[in-house]
Number of protein chains: 2
Amino acid sequence: MARKAYDLSKSYTMLERAEQVVPGGVYGVRSVRFAVYGKYPQFIREGRGSRLIDVDGNEYVDYISAFGSILLGYRHPRVEGAVREQAERGNAFSFPSDRWLELAERLVERVDVADWVVFGKNGSDVTDYALRLVRAYTGRKTILVGAGAYHTFQPWGVPLPVGVPEAWRSHVDDFRFGDVDSLEQVFARHRGDVAGVMVSPFKHDAFHDQEIPSRTYTDALREICDREGALLVLDDIRAGFRCHPTGLSHLAFGYQPDVICYGKAIGNGHPISVLVGTEALREAASRLYFSATHFFSAEPMAAALATITAFDDEKAFAHMSQAGKALCAGLEERANAAGFRVRITGPPTMPFLRFEDDPQFELARKWCGEMALRGVLVHPVHNWFVSAAISDDDLVRSLDVAEECFALTRADRA
Amino acid sequence: MARKAYDLSKSYTMLERAEQVVPGGVYGVRSVRFAVYGKYPQFIREGRGSRLIDVDGNEYVDYISAFGSILLGYRHPRVEGAVREQAERGNAFSFPSDRWLELAERLVERVDVADWVVFGKNGSDVTDYALRLVRAYTGRKTILVGAGAYHTFQPWGVPLPVGVPEAWRSHVDDFRFGDVDSLEQVFARHRGDVAGVMVSPFKHDAFHDQEIPSRTYTDALREICDREGALLVLDDIRAGFRCHPTGLSHLAFGYQPDVICYGKAIGNGHPISVLVGTEALREAASRLYFSATHFFSAEPMAAALATITAFDDEKAFAHMSQAGKALCAGLEERANAAGFRVRITGPPTMPFLRFEDDPQFELARKWCGEMALRGVLVHPVHNWFVSAAISDDDLVRSLDVAEECFALTRADRA
């Protein structure tokens, strides 16, 4: 029997109110306009494990996972317990808490690349720090990034640079991800002035098939950086804790970075970002000014400590991988059965599904919209995040709904 | 009887450990080196109302207040209750929570300037947004700021721009705070290209006496901006909720801004920053890209809602003002009795004390260090923040300790 589509009237009434008091209503990736207007919930009342409940009371199996911030599931008992315990002592103080030191030591012990660590709040705080660091160390200016990659909302790399002077985006050039020739060419254009290369572990740009790098590429990145006297920065903010049993994506793909940025998953829903670096960079790092009101707050530190422990103890990576593989295989099978050819790319923990011959993502938006209306949150143009809370029941439900929605999408096209 | 100086051995043993895993140990304003190395606690175990307890178990009356983030006292019951209640539903979701809309509507209703609002995490997130906004609206590039004022840790205004290319700091010029002639001169230098002026409500730069602006100056700011087609941005991140019974500093000093930035106090220890703007700017605002993982997280929204309610209900401003006045009067009296002339500047809720004839802050460091060692946290080079949790007992204790420490400072000088 066909499922009844959810009623979203409260969400959209609230969105109308939001449009009165916030320009454009909801901004950034959390706007339903980034997915499908009218078919996704815009306001959430509650999260629980793998599930979200919206303000209309509809329940969803969530594969968006707060755009990667949720790793172990919403309100994970050990993480929330640790936060609550810290809350009994406080969050922001005039000086750091003991949790801050504990987390710094834990990360230096855990991450092979890490001889030292600093903490920020947004991912962009630490990618900005990385740029300053490699420039301070090398005395050079140019930064190279993968074309189309997202590393910051700050002026130097914001995708839509409205209101940003051109000069504030200078000294940045790009190359094609995974393409050694392209990398050599851009180095040649800036010979002697490349301070560093910033890359994500795999290509996970919105609106594109994801690309897993070859060892040839990751080896070449290191060799070319060494030859040219440039540093290698890995932006593992989105992919961290989702590509390798240790959580460290560079080990999955063979990167040998000088600096790694983490964020999102490491706090399981609590705001913290992290930058780790090698001994050689310590002196340069000690010369940087890096300060904000909440960089030292204790609750997200407690959350990160508990998240890392639970990630290990609960074998979260193995579970996520298995769930992700089952999801991807099941979706491909059901898509094919409905007469669609789809490409599912990226690691199974962070899949992205694209319909073939769907350059404007119309089929994707139709299918994903119908999925949302029936209780499964996937995204038409952004990669998904499979959390460790996804259960076998969630998978069964997700694939049942998917089958129905592929049929609806086929009917709509016909 | 003279008080025994606190034992800080755990703090400084931990700082030695921190120096192994973090460049420079603790960075930013929370480093004891920014105050007095060896005399301030570096690690805090717990906050409670007006008090901090460090990892050695020493208790302090705290006038640093997490550098302004603590307005009503540590672990304020209503604020923490609201956060705990929200934590039962979750913090970060794939879409915004209902708390987000509730706070947006509350601020638009409360702040006369606000026809709309956006939220960030760091103060710097919203000062950066303000720059983009005034540039997008005017199509111009130049931003004017008060010389020496702190508005951001991002490249355009970071105080120590190590690793920042000059081009990334272009299109910014400055004038002397409170000086209309200086403002006119800098406008003349950039005639036709000034997008906006960003100012703090009063001059609260570290290492300087604070300055309260005259009405002549605040009126002139508006007139000159209007005449020149520039916008006026008030950075109320540090001073907000500490200058006026409504919390809105522009009402205290007569500013008529187009945009206001808030942060710090508004979350009473929880990370949130806010930008409000006028109707005229709504369209430009809707064109900006502004997105980060935790901009929509619900717990700091719940904290801000509860903070504003408690600020009003508990007449926090009146209480802080009264406590601040008593503190300042008592300190001046005891300083004078000990033979010191001091200048205490700024609003009583955010005082800064400087010894006369102390250009290198040596007396300030001596006195403040002794204060810290005896349980009162004030700062030698940064303004203080009097929280609403300061009690009469706290004041008595603070002034007793101050008297003893002025005597110690005098003895040291002799």
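Tutor: Contact here means heavy atoms within 4.5 Å, and in this predicted model what covers the buried residues of helix H5 (residues 180-189) of chain B includes strand E5 (142-146), strand E6 (172-175), strand E7 (194-199) and helix H6 (215-228) of chain B.

Student: Which are the buried residues of H5(B), and what puts them on the same side?

Tutor: The buried residues are B:Ser182, B:Leu183, B:Val186 and B:Phe187; because they cover an arc of only 135° around the axis, they lie on the same side of H5(B). The face turned away from that buried side carries the exposed residues B:Asp181 and B:Gln185.

Student: Why is the aromatic pair of A:Phe290 and B:Tyr27 called tilted?

Tutor: The centres are 5.8 Å apart with 40° between the planes; since rings pair if their centres lie within 6.5 Å, and planes neither under 30 degrees nor over 60 apart count as tilted, this pair is tilted. The pair crosses between chains.

Student: How do you know that A:Phe290 and B:Tyr27 are buried?

Tutor: Buried means under 20% relative accessible area, and A:Phe290 has 1%, while B:Tyr27 has 7%, so both are buried.

Student: What makes the pair of B:Tyr12 and B:Tyr37 edge-to-face?

Tutor: The angle between the planes is 80°, and planes over 60 degrees apart count as edge-to-face; the centre-to-centre distance is 5.2 Å. This pair links distant parts of the chain, with B:Tyr12 in helix H1 of chain B and B:Tyr37 in the loop between H1 and E1 of chain B, 25 residues apart.

Notes: Residues numbered from 1 in each chain as written. Chains lettered and ligands numbered in written order. Predicted model: local features only at pLDDT ≥ 70, side-chain atom pairs only at ≥ 80, totals over all residues. Heavy atoms only, no water. Buried < 20%, exposed > 50% of the residue type's maximum accessible area, 1.4 Å probe, protein only. Helix = DSSP H or I, 4+ residues; strand = E, 2+ residues; numbered from the N terminus. Arc of directions from axis to C-beta. Phe/Tyr/Trp six-rings, centres within 6.5 Å; stacked < 30°, edge-to-face > 60°.
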